[in-house]
Amino acid sequence: TVIISIPEELLFRGWLAPWMGNLSKLGYVGGAVGSAFIGMVYHFYVYATQPEALIVVFLAFFIQGLAALKTGRLSTTIGTHLGNNLFSIMRHLI
């Protein structure tokens, strides 16, 4: 669960967000919105994320997308995603 953060970040923020940003008239904001939406749908189908939690997933993906596109770095988004997944695992174990 924790390690999946890295390929997800590479896919959604490293490839998909810049690609969608190049296609969008809104630039990096459009890339962040598009990749956040696709990431939200992905989490719904792959992880069976509860529908009410999907807004949080979308917002997190959007903010991380903006950060990655604005800075050109994935290290921060990978770190926050790893931390979030680790926290989620620990919360369920307690």
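Threonine 77 turns out to be buried in this predicted model, with a relative accessible area of just 2%. That value counts as buried because the cut-off is under 20% relative accessible area. The residue sits in helix H4, which covers residues 75-93. Its side chain still finds a polar partner: the side chain of glutamate 9 makes a polar contact with that of threonine 77 at 2.9 Å. Setting aside neighbours within four places in sequence, threonine 77 touches Glu9, Gln64 and Ala68, and so Glu9 shows up here again as well as in the polar contact.

Over in helix H2, serine 35 tells a similar kind of story. Serine 35 is buried too, with a relative accessible area of 0%. Here the polar partners are backbone atoms. A polar atom of the serine 35 side chain lies 3.0 Å from the backbone oxygen of glycine 31, and the same side chain reaches the backbone oxygen of alanine 32 at 3.4 Å. Beyond the neighbours within four places in sequence, serine 35 is in contact with Phe12, Leu16, Ala17, Met20 and Phe61.

Helix H2, which spans residues 28-47, also holds valine 46. Valine 46 helps make up a nonpolar surface patch of about 730 Å². The other contributors to this patch are Ile4, Phe37, Ile38, Val41, Phe44, Tyr45 and Tyr47. Helix H2 thus carries both the buried serine 35 and valine 46, a member of the surface patch.

Key. Residues numbered from 1 in each chain as written. Predicted model: local features only at pLDDT ≥ 70, side-chain atom pairs only at ≥ 80, totals over all residues. Heavy atoms only, no water. Patch = residues over 30% accessible without salt bridge, like charges linked within 9 Å, V, L, I, M, F, W, Y side chains within 5 Å. Areas by Shrake-Rupley, 256 points an atom, 1.4 Å probe, with all protein chains shown as cover. Salt bridge = Lys/Arg side-chain N within 4 Å of Asp/Glu carboxyl O. Helix = DSSP H or I, 4+ residues; strand = E, 2+ residues; numbered from the N terminus. Buried < 20%, exposed > 50% of the residue type's maximum accessible area, 1.4 Å probe, protein only. Polar contact = N/O pair within 3.5 Å; in protein donor to acceptor, adjacent residues only side chain to side chain. Contact = heavy atoms within 4.5 Å.
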